[in-house]
Amino acid sequence: MQYFQKEIETMSKADKRALQSERLVKMVKYVYENQKPYRAKMDAIKLKPSDIKSIDDIYKLPYTVKQDLRDAYPFGMMARPRKDLVRLHASSATTGKLTVAGYTQNDIDVWGDCAARSLVMAGADKDSVIHVAYGYGLFTGGLGMHYGGEHLGAVVVPASAGNTQKQIQLISDFGADIICCTPSYIIYLTEEIERLGLKIGTDIKLKGGVFGAEAWSEGMRADIERRLGIRACDIYGLSEIAGPGVACDCQFKTGMHFQDDHFYPEIVDVNTLEPLPMGESGELVITTLTKEGMPLIRYRTRDIASLNDDPCPCGRTSVKLNKITGRSDDMLIIRGVNVFPSQIESVLLKDENITPNYHINVDRVNNLDTMEIVVELSPNVKVDEVAHVEEIRKKLAANMASALSVSAKITLVTPGTVARSEGKAKRITDNRKL
Ligand code: DLL
């Protein structure tokens, strides 16, 4: 069995628990002393760092939510001065403001280790050629897997997203054995590979891949594995905690091994926020145990999932995260990009040619996510002035693409056409089947 850090990955449950306890105690003290917003939450319930004596006390600690990060935008949640940070990442938030995450060099190294552990689970080693087709930039996918590959000592090809023909040429010419991208993109790449008549095993030598950033099904996994002849692993992460590599499947696919020496997972009831027993489904809450730049205690991810603690034949002893089944907020993930309806609304509100009555249709066509925004024209616009209406549509499509970082089809309709609701507006129809 291949491991990247065997001692940690196969540590006994008792030793792991002791390590988690030691780290949590230190982490709570560190956060109390260095992260003002969280200190205020602890003070409000008269909780002192000394009240936390082991990992069993974690439930006493207050939650951190995305709104805390937004309120502290951009640097209020950092526990270190800016001079100690070496990198900033960010992801979309419900308002125009991004959710920012700052990393120290040590945070980047820990993340690199976790991403390397994930790549090894997918079958990589130091002789691998790792093709990274996640986007590079504020999104953590590209750089996260890039550093993971370098930590492993493998050759990394920083292809980034887009330009499918070139991606296939690089995968073939450089002999990549491991690929990292979203599940929907690997299906698209596979279709193109098949259309070009390339031979699996000779032209395309892929052995494994880590696919994440969006939900995907066991059916999709079986399809990818069969068509490409590879091991397809699910990988989980979020920029607030660390990008890809917080958890990842091994070859036995018994659930994603959670890197629980650095990130402690809990599942809580979505309504009562009470901790749930192993195996039950609820909201995933994560506590960083070693993070320096922006540590987070009991961060509510809004992802719905369950954990399992069954032994895995690979020998890794970490707790496992079962597939993410949904979200407890209205965030959509379109081709790996997080989109909140409120971001769409803020673009619509800035355009006087339209009204903010809209509906979002999401679908999956040829294995790629599509998004259509149906929006009503303002009564001042004459619908029979076709050229003018087309101009409005084009401008709106461009503004939307730049605000959301993903394209959407804009359909303009006459005033009064979008269905009104008496209660809470139902603005989204998601026809994607997992
Ligand atoms: O999506 C980090 C990442 C990049 C993970 C590449 C895996 C691969 P964010 O943009 O901050 O970070 O989005 C985080 O994406 O809360 C989940 O809702 C969703 N997500 C991430 N991985 C998975 C997965 C990256 N394997 C949000 N399955 C998370 C389902 C996932 N959803």
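Contact here means heavy atoms within 4.5 Å. With that in hand, and bearing in mind that this is a predicted model, Asp260 makes a good place to start. Setting aside neighbours within four places in sequence, Asp260 touches Lys16, Gln20, Pro265, Leu289, Ser318 and Val319. One of these partners, Val319, also has its backbone nitrogen 3.1 Å from a polar atom of the Asp260 side chain. The aspartate sits in a loop, the one linking β9 (256–258) to β10 (263–268). Even so, Asp260 counts as buried, because its relative accessible area is 5% and the cut-off for buried is under 20%.

Another loop residue, Leu98, turns up between β1 (87–91) and β2 (99–103). Its relative accessible area comes to 32%, so Leu98 is classed as partly exposed, a label that covers values between the 20% and 50% limits. Leu98 joins Tyr73 and Leu138 in a nonpolar surface patch of about 260 Å².

Then there is helix α8, which runs over residues 183–195. Its 13 residues span 19 Å from first C-alpha to last, close to the expected 18 Å. Quite a list of α8 residues is buried: Pro183, Ser184, Tyr185, Ile186, Ile187, Leu189, Thr190, Glu192 and Ile193. The cover over these buried residues includes helices α7 (164–173) and α9 (218–228), along with strands β5 (178–181), β6 (208–212) and β19 (368–377). After the helix comes Gly197, with a positive phi near 75°.

Technical notes. Residues numbered from 1 in each chain as written. Predicted model: local features only at pLDDT ≥ 70, side-chain atom pairs only at ≥ 80, totals over all residues. Heavy atoms only, no water. Helix = DSSP H or I, 4+ residues; strand = E, 2+ residues; numbered from the N terminus. Expected span 1.5 Å × (residues − 1). Buried < 20%, exposed > 50% of the residue type's maximum accessible area, 1.4 Å probe, protein only. Patch = residues over 30% accessible without salt bridge, like charges linked within 9 Å, V, L, I, M, F, W, Y side chains within 5 Å. Areas by Shrake-Rupley, 256 points an atom, 1.4 Å probe, with all protein chains shown as cover. Salt bridge = Lys/Arg side-chain N within 4 Å of Asp/Glu carboxyl O. Polar contact = N/O pair within 3.5 Å; in protein donor to acceptor, adjacent residues only side chain to side chain.
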